[in-house]
Amino acid sequence: MANLKEIRSRITSVGSTMQITSAMKMVSAAKLKKAQDAITAMRPYADKLTELLQNLSATLDADSGSKFSDQREVNKVLVVAITSNRGLAGAFNSNIIKGSKRIASDNYSGKQVDYVTIGKKGNDILKKTETVISNNNEVFDDLSFENVSEIAEMLMQKFAEGEYDKIVLVYNKFKNAATQIVMNEQFLPILPPEMDEAEAQKATPNYIFEPNKEDIVEELIPKSLKTQLFKAIRDSVASEHGARMTAMHKATDNAKDLRDDLKLQYNKARQASITNEILEIVGGAEALAG
């Protein structure tokens, strides 16, 4: 059994750890509220814009379709892995890294699969075994639509120039503080809406186009794609704070349980020590008396 000094030292160390994890939980909880409000407010706009764009694209002739809707044979795939710059968030980052690698092994075995990383943690792991063509850690230093637009424009350019036949986003979608859903979302080419011919004819009955449908679609596509990427990063940020808050909550609870166990162990050791001292005193007194 460890001596009393060692146990006291461990109790102090665990107590300090518990204070740190509790503080980190409170910080993440405060940041989560802001991030959750941001993604909740943005989702309806982004979803409606995507729906509108898909419906309009479905009514265009093949010759007048956008270069971003070009469905071609998939030989080169670009995976955009959205993680975070910091750890201590449970399985938040590892789930994205595993999901990104799983795309290459399960869906595109034998194809060229490269990576664009958004977040330091994903880049640190993926660059060891995979081809990472671009890393964008700095976007989290000043997360804005303008900064994300630069990344989206780079992705659109690579697709339009034929460098890649398909671009996929992998990120954590925020559900609640304890639950994040790993999403594999196609970024390019633009997916057509899932509807039959009758539904396609009714897709745009109330729209009046000015100057014309083609120009509107060409204007909307870049904005929609930028918004899609921005929404994915916003989702990831909210998920990160939720995952870290949950992880720090569990760590605090575990530290408290460990501290309680150590206190019990300390009390037992102290009681045993006192008992031994009493026995030694009694034994010495009896020896003197005898």
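## Exercises on helix 6

Ile278 is partly exposed, at a relative accessible area of 48%. Keep in mind that this is a predicted model.

**Exercise 1.** Place Ile278 in the chain and find which surface patch it belongs to.

*Solution.* Start with the element: Ile278 is found in helix 6. Next, check its exposure: 48% is not over 50%, so Ile278 counts as partly exposed rather than exposed. Then look at its partners: together with Ile274 and Val282, Ile278 forms a nonpolar surface patch, and the three share about 240 Å² of accessible area.

**Exercise 2.** Work out whether Arg244 is buried or exposed, and what its side chain meets.

*Solution.* Arg244 also has its place in helix 6, which spans residues 213-289. Its relative accessible area is 1%, and since buried means under 20%, Arg244 is buried. Now follow the side chain: one of its polar atoms lies 2.8 Å from the backbone oxygen of Gly87. Beyond residues up to four places away in sequence, Arg244 touches Met24, Ser28, Arg86, Gly87, Leu88 and Ala89.

**Exercise 3.** Describe the surroundings of Thr227.

*Solution.* Thr227 sits in helix 6. With 3% relative accessibility, Thr227 is buried. Setting aside neighbours within four places in sequence, its contacts are Met42, Tyr45, Ala46, Leu49 and Phe145.

**Exercise 4.** Find where confidence is lowest and where it is highest in the protein chain.

*Solution.* Take the whole chain to begin with: the mean pLDDT is 87, and 90% of residues reach 70 or more. The low point is helix 5 (residues 197-201), with a mean of 53, while strand 1 (residues 76-82) is highest at 96. Where pLDDT is low, don't read the predicted coordinates in detail.

Definitions and conventions: Residues numbered from 1 in each chain as written. Predicted model: local features only at pLDDT ≥ 70, side-chain atom pairs only at ≥ 80, totals over all residues. Heavy atoms only, no water. Helix = DSSP H or I, 4+ residues; strand = E, 2+ residues; numbered from the N terminus. Buried < 20%, exposed > 50% of the residue type's maximum accessible area, 1.4 Å probe, protein only. Polar contact = N/O pair within 3.5 Å; in protein donor to acceptor, adjacent residues only side chain to side chain. Contact = heavy atoms within 4.5 Å. Patch = residues over 30% accessible without salt bridge, like charges linked within 9 Å, V, L, I, M, F, W, Y side chains within 5 Å. Areas by Shrake-Rupley, 256 points an atom, 1.4 Å probe, with all protein chains shown as cover. Salt bridge = Lys/Arg side-chain N within 4 Å of Asp/Glu carboxyl O. pLDDT = per-residue confidence, 0-100.
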